[in-house]
Structure formats: C-alpha cells, structure tokens
Amino acid sequence: MKKHIYLDYAAATPMDPVVKKATEPYWSERFHNPSAIYLSSRAVKKDLDTFRARVARLLGAKPAEIVFTSGATEANNLAISGVMSRHPKGELLVSAIEHESVLEPAKLYKNKQVPVDSNGRIILNKLSNLISDKTILVSIMMVNNELGTVQPLSEVSNLITQVREARLKSGNHLPLYLHSDGAQAGNYFDLQASRLGVDMMTVNGGKIYGPKQSGALLAKAGVDLAPLILGGGQEYGRRSGTESLALIAGFTEALEQAQSKYKQELKRTRELREFFAAELQNHLGDLTINGSIKHQSPHILSITLPGADNERLVMELDEAGIQVGVGSACSAAKGQSSHVLAAIGLSSKLARSTLRFSFGRQTTKEDLSYAVKTLVRLTAVQR
Ligand code: PLP
C-alpha cells in the first residue's frame, strides 16, 4: 500500500476535528449578521464577543485589542501599512528573513532590513544601529518559516524600551512600535503578548490546526492603526466586513487547543526532530542542517544536500508518498529562490539543494525512519 507521509506542517496543518465541530453551528444555523439588532443576531454578536474575549485572554491582551483577520498575510499587512501610513515620513525596520507578507508591504515605505547571522538570527547590534530618530516600527518574526529559528524577541523588546525612554528625554514624541509575526509559533511557544513585550502580534489559524483564512492581529491599545479595509466599521473600525463567525469560532478553538498543549508538543516534536536529524546525519553523510542549535523551533528542519536538486527530490519523495517543501511554499510556487537562505549566506546553488521538513501532531518516528530510508535511496542516485 502506498505510504502517505506528510512532512510539510509549516505550509498547512489539517483541521483538528474539535475545531471543525466548533465552526459547524455558524454555517447554517447561527448564520445571522452580528450587526443586526434582532434576537438571533444579538445572540451571534454575544458569541463573537465571547470568542474575542477568549482570544484576548490567550494572547494576554484586552478584547478591544484583537482584530480578527483573514489569516497572517492580512494581519501582517495591517500591522505594517496600518502604522506606516499614519507616519509617511517615518522609517520601518524589518528583518531580512521576514515572510513576504511583511516584506512586500514594507516596500511601500522607507524601510531597511536587519541582517541575520549564519544561523538565521537577527544581529542585535545591527538592529540597534539601524534604529533612527524617525523609526516608527520594527517588525521581527517569532519563528522563521524556512529555518525554524527563534528570534531574540525579548532582547529586541528591551532595546526598544530603552530607545523609547531616550527619545522621551530628548523630546522626540514619535512612537516606536514592535510587531512580531507569530504565524509559525502558536503550536510550540507561549503567545502572551505582555510577556513577549510586543505592541502588535500576528497569529495564523491555518498553521495551528484551525481554518485557513483565519487569524488575528493583536494591536495594543494606543497603537494608531489605519484600517486597510473600509466599510461598515466592524472590528472597532480596524477591519470592515461582516465577521465570519465560523472562521472566528474555529480560530479561537484552534488557538486554545494549541496553547493548552504547546509545552508537551514542544517536547514531543523536539525528540522527533533530534531523532530525524541524527538519522539523516548517520545515513546521508554530506549534509548541512540550517538554522540554530540553541534557538530553534522543533517543527522545522532545513537541510542542504550538496549536489542534490531539491525540486527533483520533492517530486521523487512525493512519488514515494512523502510530502515535503523546498523552503517556503509561496516562494516555491513563484519559482523564486529563497531570500531567507540567501540571507544566511547560502549560494543559490546550495539553496537549490535545500529541503524543508516540517513536523506536526500526526508525525511519528516510523514516518521519519521511512523518510530517511527513502531519502538515502533517492540521493544515492542523484549525487
Ligand atoms: N508569516 C509566516 C511566518 C508564514 O509562515 C506564513 C505562511 O506560510 C504567513 C505569514 C502567511 O500566512 P497565510 O498565507 O496563511 O496568510
């Protein structure tokens, strides 16, 4: 029987049955528009308020600080453009390895990129030197989607606090905000914004076993955010459009599930990653593991196999029943080489020999053993 081994959880996660069940009442029964004033609508509005309060509690925020969005792309766009369009003369700093949904809107404003080291972590003193009197926003992701590196957010937050204090003393009253894209972090890390020290944070339902096109931007009170989508003024005027209760219900449930088990998932997935990495190193010889040893999310393993052609390998692995990615799904679809791998100093040739394995709730050791065996067989032919 053909195997089906899914090792691309950083691209998409299957919806949790409990999450799916939570969405169900809102498709056909409780379909009413929460802005109407009759009883059924008011009941739906009450549910919406409850979901918002639950998400706020899970993220360590107030309900009014939660903007439900159509996923992380919209949340990132809202964070960048929402702040920067209020400060057309201001400057923006983003890490060189942000997702395209941060990098692309950043291009609309005066922006600079913060470089990363060869492990994919931002270089803090470079960030510090890049912050100017006009910097309004710094956007540094929590976990990189191609490498799995965890960024030093609390250090960044401390740095920003110091800059704010110095600004106040010097009479500079421009705001300085910290945004973090947490799209890849929800299954393995604590998302309490107050502990993380962020002003804005992106959360993505589609990566935490929730519905795709669901998610939220947390924007702390006081962040002056211009809406991207204008209309009926929903989401406290920050995102117009009739709310999708089904997606919001699913997202809330998914976030609650993910945050309630992140510690055990971190441990379990770390063991799987260590097992897989050791097996690959034992059986494949010439390979490099990209990312950081110390600051690493357990669900992503990026490897470079010099001499191998990653696209061909992905196809051949697929034929053998194993689904993996070549870096990020978005860049791969456009046939572009990865800006993340370039930022850590990989040549485009080595980038074309790089694969991203990513693990999740259904991954087992047996799956990984089979993947190693298959990879050994396929690379023996290619290299
Ligand atoms: N940010 C990161 C770090 C991601 O990994 C992704 C998706 O891969 C996104 C943002 C965009 O998410 P979506 O396409 O679900 O909006």
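Student: What separates the C-alpha centres of domain 1 and domain 2?

Tutor: They lie 28 Å apart. This is a predicted model, in which local features need pLDDT of at least 70 and side-chain atom pairs count only at pLDDT 80 or more, while totals for chains, interfaces and linings use all residues. Residues are numbered from 1 along each chain as its sequence is written, and side-chain values use heavy atoms, with hydrogens and water left out.

Student: What makes these stretches domains?

Tutor: The bounds come from an automatic or database domain assignment. Domain 1 covers 5-14 + 262-382, and domain 2 covers 17-260.

Student: How many residues of domain 1 are in contact with domain 2?

Tutor: Contact means heavy atoms within 4.5 Å. With that rule, 37 residues of domain 1 are in contact with 36 residues of domain 2.

Student: What is the area buried between the two domains?

Tutor: Buried area is the accessible area (1.4 Å probe) lost when two parts are put together, summed over both. Here that comes to about 2900 Å², with carbon and sulfur atoms giving 53%. T13, Y262 and R361 supply 24% of the area that domain 1 buries against domain 2, more than any other three residues.

Student: How many salt bridges does the rule find across this interface?

Tutor: Zero. A salt bridge needs a side-chain nitrogen of Lys or Arg within 4 Å of a carboxyl oxygen of Asp or Glu. Polar contacts are another matter: 15 residue pairs, both at pLDDT 80 or more, are counted between the domains.

Student: Why is the D8 and R356 pair called a salt bridge?

Tutor: Their side chains meet at 3.2 Å, N to O, and the limit is 4 Å, so the pair qualifies. D8 lies in the loop between strand 1 (5-6) and helix 1 (17-23) and R356 in strand 12 (residues 354-358), so the pair ties together parts 348 residues apart in sequence. Helices (H or I, at least four residues) and strands (E, at least two) are DSSP runs, numbered from the N terminus.

Student: What makes the approach of T73 to the ligand a polar contact?

Tutor: A polar contact is a pair of N or O atoms within 3.5 Å; within protein, one must be able to donate a hydrogen and the other to accept it, and residues adjacent in sequence count only if both atoms are side-chain atoms. An N or O atom in the T73 side chain is 2.7 Å from a ligand oxygen, so the pair meets the cut-off. A polar side-chain atom of D181 lies 2.6 Å from a ligand nitrogen, and Q184 has a side-chain N or O atom 2.9 Å from a ligand oxygen.
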